[in-house]
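Colleague: Could you please take a close look at one part of this model and describe what surrounds it?

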Amino acid sequence: MGFVLRLLVSALALYLLTRVYAGVSFAPGADLLSVLIAALVMGIVNALVRPVLLLLSLPVNVLTLGLFTLVVNGVVLWLVAAATALNVAGFGAAIIGAVVLAVISWVLDAAVRALGLEKDQ
């Protein structure tokens, strides 16, 4: 049940991102399945590709006191857009979209915990 709930929260966060920020959108005609696939791909990329990118960018990340992580998150969002029906206006839009997505996800995760739908881990 936890996996399905996380997938739905991620899909809702992606959908809300496209509503809040104009630099990220879904392709015309995208349906609920497209949003769910984008959320699933986001989870896979976050689990497999993001740790490698963070490891490779560790020296730059140390020099920038962690701010380069925003760039890595933008790259992750851009990779997801390349593989799904998600559209990103450019690399700058991907970085801003990743920041907005992180805030939306944080709020949704807090709401899920407050409602008692998922226990703290």
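Modeller: The residue chosen is S57, located in the loop that joins α2 to α3 (58-63); helices here are DSSP runs of H or I with at least four residues, numbered from the N terminus. The model is predicted, so that local features need pLDDT of at least 70 and side-chain atom pairs count only at pLDDT 80 or more, while totals for chains, interfaces and linings use all residues. Residues are numbered from 1 along each chain as its sequence is written, and side-chain values use heavy atoms, with hydrogens and water left out.

S57 has a relative accessible area of 8% and is therefore buried (under 20% relative accessible area, with a 1.4 Å probe and protein chains only). A polar atom of the S57 side chain lies 3.4 Å from the backbone oxygen of L54. Leaving aside residues up to four places away in sequence, S57 touches F68 and V72, where contact means heavy atoms within 4.5 Å.

V72 also belongs to the packing of two helices, as does L54. Helix α2 and helix α4 (residues 68-83) pack at about 140°, their axes 9 Å apart; axes are lines fitted to C-alpha atoms over the stretch in contact, and angles run from 0 to 180 degrees between N-to-C directions. This angle makes α2 oblique to α4, a word for angles that are not under 35 degrees, over 145 or from 65 to 115. On the α2 side the contact includes L53 and L54, and on the α4 side V72 and V76.

Methods:
Buried < 20%, exposed > 50% of the residue type's maximum accessible area, 1.4 Å probe, protein only. Polar contact = N/O pair within 3.5 Å; in protein donor to acceptor, adjacent residues only side chain to side chain.
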